Amino acid sequence: MKKKPLLTIAIPTYNRGDRLNLLLEALSCENFGDQIEVIIADNASEDNTADVIGRYLESNPKWIAYRHAENLGMDGNFLSCYLKATGEYLWLLGDDDRIVSGGIRAVLNLIELENPDLIYTASAWTANIWGHKGANVPQTLPYIIMDADDFAVSVNVWFTFISGNIARISQKYLSEPWWRQFDGSKLIQLGWILPVLITGRKFAYISKPLIVAQAENSGGYKVFEVFGENLFQIATKLLPEKLASHILKYTCAVHVPALIWNKTSGKQDKFLKEDILQSLACYRKYAAYWLIVFPMLLMPGRVAGFPFAAASRGAKYLWLFRGLIFSSKNSKSR
């Protein structure tokens, strides 16, 4: 009987053949036997993606690759990875991101040592992910074991970042009635990540970036709708109020102001036009909306940067304070 892999690394991809080539080249240098399953899901790409995948399958016959007959959208491709994964854990990896050297082994060691239900790894964001310095795992991997409450505070909006989350796969979330309710949200992965906060008992936060991510490389959707009403509806539907508020309050106070500032600075021209006030109306229940978000939407030009700077500074202090508490109680290294 074939042994079940410990970890599935699944790569949903679309029209990024050149970037995918670099990622697959790096992965092909890793050899973990039956512990790792690699899946590549081509969302009906129109560039050289199929040729790139074909070349690497020749030298990595255990890898699994498939091509959709038509484009299923972001959510559809993410979901296909989850449904086809046979590992105990799933690491959904963006085709424009990379795992640092030694990162896979570090995750495998952590899983075997701690048996966590959900893992989050910090990430480094840069314009050149393959030229990023210091992209190696230290001799001792720093991580923190948390309960669900502390984990939700620490990860907050970054539950939405596919490459940063490694989740134990549950058969409960494989049924169509479950995932269908999140299709079209651009956040379908939360349908199998957030429920683990309730069912799980142990959560691992890796403070050393194991992911190097491509900065400012997203677009083609309504970003405020995704991080506004879509995220709000999913978090409040799946989580108790306290856990949901950890995610949503941070998103409102820090992440949304960053998105507004990027838009004001002309850095978000890849996203679709939308009614921003309507997309963010769900956050009106939070003080940060009225103190930070709403004023930024009304202020012209660079004036909008002042409240964002205040929000960013406050988040930094909260992060440092939280880090001092957690590191004294739960920090470990491997």
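In the predicted model, the loop between strand S1 (7-13) and helix H1 (17-28) contains asparagine 15. Although asparagine 15 is not a glycine, its phi is positive, at about 55°. Most residues other than glycine have a negative phi. The relative accessibility of asparagine 15 is 31%, and the residue therefore counts as partly exposed. A positive phi in a residue other than glycine is also found at alanine 44, where the value is near 60°. Alanine 44 is placed in the loop between strand S2 (36-42) and helix H2 (49-59). With a relative accessibility of 12%, alanine 44 counts as buried, because the limit for burial is a relative accessible area under 20%.

The protein chain as a whole comprises 13 helices and ten strands. It has 334 residues, of which 53% count as buried. The accessible surface of the protein chain amounts to about 15,800 Å², and carbon and sulfur atoms contribute 53% of this area. Of the contacts in the protein chain between residues at least 6 apart in sequence, 87% join residues at least 24 apart.

Several strand residues illustrate contacts of this kind. Leucine 90 belongs to strand S4 (residues 89-92). Its relative accessible area is 3%, so leucine 90 is buried. Leucine 90 is separated from isoleucine 9 by 81 residues in sequence, while the C-alpha to C-alpha distance is 6.1 Å. When residues up to four places away in sequence are not counted, leucine 90 touches Leu7, Thr8 and Ala10, together with Tyr82 and Ala85. The remaining contacts of leucine 90 are with Asn165, Ile166, Ala167, Ile169 and Trp192.

Alanine 167, one of the residues touched by leucine 90, is located in strand S8 (residues 165-168). A relative accessible area of 5% makes alanine 167 buried. The C-alpha atoms of alanine 167 and leucine 7 are 9.5 Å apart, with the two positions 160 residues apart along the chain. Apart from neighbours within four places in sequence, alanine 167 is in contact with Glu88, Tyr89 and Leu90, with Asp117 and Leu118, and with Trp192 and Ile193.

Leucine 210 lies in strand S9 (residues 203-214). Its relative accessibility is 0%, and leucine 210 therefore counts as buried. Glycine 103 is 107 residues away from leucine 210 along the chain, and the C-alpha atoms of the two are separated by 5.5 Å. Excluding neighbours within four places in sequence, the contacts of leucine 210 are Arg98, Ile99, Val100, Gly103, Val107, Thr121, Ala122, Val137 and Leu141.

The largest nonpolar core has 70 residues. Within this core, the residues that touch the most other members are Phe151, Phe159, Trp192, Leu194, Leu197 and Tyr283. Trp192 is also among the residues in contact with leucine 90 and with alanine 167. For phenylalanine 151, again leaving aside neighbours within four places in sequence, the contacts are Leu118, Ile119, Tyr120, Met146, Asn156, Phe159, Leu197, Phe203, Ala204 and Tyr205. A second core, separate from the largest one, consists of 40 residues and includes Val38, Trp63, Val107 and Ile211. Val107, in this second core, is in contact with leucine 210.

Helix H9 (residues 223-238) and helix H10 (residues 241-264) form a pair whose axes come within 10 Å and cross at roughly 175°. H9 and H10 are therefore roughly antiparallel to each other, as crossing angles over 145 degrees count as roughly antiparallel. On the H9 side, the contact is made by Val223, Phe224, Phe227, Leu231, Phe232, Ala235 and Thr236. The residues that these meet in H10 are Ala244, Leu248, Thr251, His255, Val256, Leu259, Ile260 and Lys263. The contact of H9 with H10 is made up of eleven nonpolar, three polar and one charged residue.

Lysine 249 is also part of helix H10. The relative accessibility of lysine 249 is 49%, so the residue counts as partly exposed. Along the chain, lysine 249 and tyrosine 289 are 40 residues apart, and their C-alpha atoms are separated by 9.2 Å.

Definitions and conventions. Residues numbered from 1 in each chain as written. Predicted model: local features only at pLDDT ≥ 70, side-chain atom pairs only at ≥ 80, totals over all residues. Heavy atoms only, no water. Axes fitted to C-alpha atoms, helices over the stretch in contact; angles between N-to-C directions. Helix = DSSP H or I, 4+ residues; strand = E, 2+ residues; numbered from the N terminus. Parallel < 35°, antiparallel > 145°, perpendicular 65-115°, else oblique. Contact = heavy atoms within 4.5 Å. Nonpolar A, V, L, I, M, F, W, Y, C, P; charged D, E, K, R; others polar. Core = buried A, V, L, I, M, F, W, Y, C linked by side-chain atoms within 4.5 Å. Buried < 20%, exposed > 50% of the residue type's maximum accessible area, 1.4 Å probe, protein only. Areas by Shrake-Rupley, 256 points an atom, 1.4 Å probe, with all protein chains shown as cover.
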